[in-house]
Amino acid sequence: MRLRYDVLTFICLLSWIAAGGAGAQSQVTLNPSMDNTLYQESGSKSNGAGSYLFVGRTRGTAGTESRRALIAFDVASSIPAGSTVDNVELDLKVSKSPGGSTVFSIHRLTRSWGEGSSDAGAPGGQGTQAESGDATWTHAFFDTENWATAGGDYADDASATVSVGGDEWYAASSDGLVADVQAWVDDPEANFGWIFVGDELTSGSARRVDSGDNPDESVRPQLTVSYSTPTAAEQSEQPEHPGTFVLEGNYPNPFTSSTAIRYELGTAQEVGLEVYDVTGRPVKTVRRGVQVPGRHEMELPSVDLAAGLYIYCLRTSSHRECRTFTVLR
């Protein structure tokens, strides 16, 4: 009796997803996929694996120099392609402050950068020797690729600003952050994260912020995104183009290491794949861009999937169809 109930539940879930039933608003909270600090006085200092980030102008034996924090979140792995981003909140925990108040400007980064294994320890404000792949004030990736402009390549206009004071949590939310995250959902390859720029004129204005590598998980930065996907009614309004898309299935199925999803396009269309677990939670999104007419195969590895039953939906410019596969271990 229990098995029959589970099968019926799964069939209903599959029908709900295939019909676009995930129209209700959803919310996801993410920790950083990577973060780092840029130290102005040196092109060879970093803190990629450190517990803290620094923003503003500090006092030190080398004089007063600026710090800028880099932070990125992997939004595309948790938010299905085609979703509409409704609200974004970015939360940071300041853990060391000189007192008073200051403002952080949050700008969208315009190129890729790195987080290496450098760790400046505590307090960490002076940084440490950069390791391979670290971002520094000079390098996007130490020591092989430089920023076009020392101190980071980023959009001139701030996506948001946040006023910060003493040691506590601070939240940033704005239309600019929503626009940034929406752009990254639509084009994951353009997601380079944000840079935080503080008061770089006042000596001693720098704040220490807990990083995504902090051993205390409760103080790590958080990005909370509210989003919605098209409802069944919205999808039904899309024009139908018979014969433009055929999902042939995947082989092998079940599989252990990878499977090939086979499909045919009658016209040039944009193609994307969404994978859900049996609770309806999105676990993987793959975007292939516009593909030419003809038969195609999309290789799907199982490296980040646990054993079990999954639903996959292939979406094109005109159609969406869902099937199932099973991963074995």
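**Entry 1: the second largest cavity**

I started with the lining of the second largest cavity in this predicted model, and I wrote down Leu53, Val55, Ala69, Ile71, Leu92, Phe196 and Val209. Sorting that lining by type gave me seven nonpolar residues, no polar ones and no charged ones. Which elements give two or more residues to the lining? I found β4 (52-57) and β5 (66-72). The space inside comes to about 40 Å³. My search of the whole structure had turned up two cavities of 30 Å³ or more.

**Entry 2: β4 and its partners**

Since β4 helps to line the cavity, I looked up its cover next. Six of its six residues are buried, and I noted the strand as mostly covered. I then checked what β4 pairs with. Strand β14 (residues 207-210) runs antiparallel to β4, with four bridges between the two. Leu53 of the cavity lining sits opposite Val209 in β14, and Val209 is itself on the lining list. β5 is also antiparallel to β4, joined to it by two bridges. Which residue of β5 is the bridge partner of Arg57? I get Ser66.

**Entry 3: β12 against β6**

I went on to β12 (residues 169-172) and read off where the side chains go. They alternate: Tyr170 and Ala172 share one face and are buried, while Trp169 and Ala171 point to the other face and are not buried. β12 pairs with strand β6 (residues 84-96) in the antiparallel sense, over four bridges. I noted one facing pair here, Leu90 opposite Ala172. Ala172 is one of the buried residues of β12.

**Entry 4: β11 and Thr161**

I did the face check again on β11 (residues 160-164). The side chains of β11 alternate too: Ala160, Val162 and Val164 are buried on one face, and Thr161 and Ser163 point to the other and are not buried. The strand is joined to β7 (residues 102-108) by five bridges, and the two run antiparallel. Across that pairing, Val103 stands opposite Ser163.

I stopped at Thr161 in β11. Is Thr161 buried or exposed? Its relative accessible area is 52%, and the cut-off for exposed is over 50%, so Thr161 counts as exposed. Leaving out residues up to four places away in sequence, Thr161 touches Val103, Phe104 and Ser105. One of these, Val103, is the residue I had opposite Ser163. I also took one distance: the C-alpha atoms of Thr161 and Val197 are separated by 9.5 Å, with their positions 36 residues apart along the chain.

**Entry 5: Gly165, just past β11**

Gly165 is in the loop between β11 and β12. Why does Gly165 count as buried? Its relative accessibility is 11% and buried means under 20%, so Gly165 falls on the buried side. I listed what Gly165 touches, again without residues up to four places away in sequence: Ser97, Gly100, Ser101, Tyr170 and Arg207. Tyr170 I already had as a buried residue of β12. For Arg207 I added the C-alpha to C-alpha distance from Gly165, which is 8.7 Å across 42 residues of sequence.

**Entry 6: two cis peptide bonds**

I know that most peptide bonds are trans. I looked up two that are cis. One joins Phe142 and Asp143, with omega about -15 degrees. Where does Asp143 lie? Asp143 is in the loop between β9 (139-141) and β10 (145-146). The other cis bond joins Asn253 and Pro254, and there omega is about 5 degrees. Pro254 is also in a loop, the one between β16 (245-251) and β17 (258-265).

**Entry 7: overall numbers**

I left the totals for the end. The protein has three helices and 22 strands. How much of the protein counts as buried? I get 49% of its 329 residues. For contacts between residues at least 6 apart in sequence, 75% join residues at least 24 apart. The exposed area is about 15,000 Å², and carbon and sulfur atoms supply 49% of that area.

How values were computed
Residues numbered from 1 in each chain as written. Predicted model: local features only at pLDDT ≥ 70, side-chain atom pairs only at ≥ 80, totals over all residues. Heavy atoms only, no water. Buried < 20%, exposed > 50% of the residue type's maximum accessible area, 1.4 Å probe, protein only. Contact = heavy atoms within 4.5 Å. Areas by Shrake-Rupley, 256 points an atom, 1.4 Å probe, with all protein chains shown as cover. 1 Å grid on protein atoms, 1.4 Å probe; cavity = no way out; pocket = protein on both sides within 12 Å on 5 of 7 lines; lining within 4 Å. Points joined across faces, edges and corners; volume = space filled by probe spheres on them. Nonpolar A, V, L, I, M, F, W, Y, C, P; charged D, E, K, R; others polar. Pairing = 2+ DSSP bridges.
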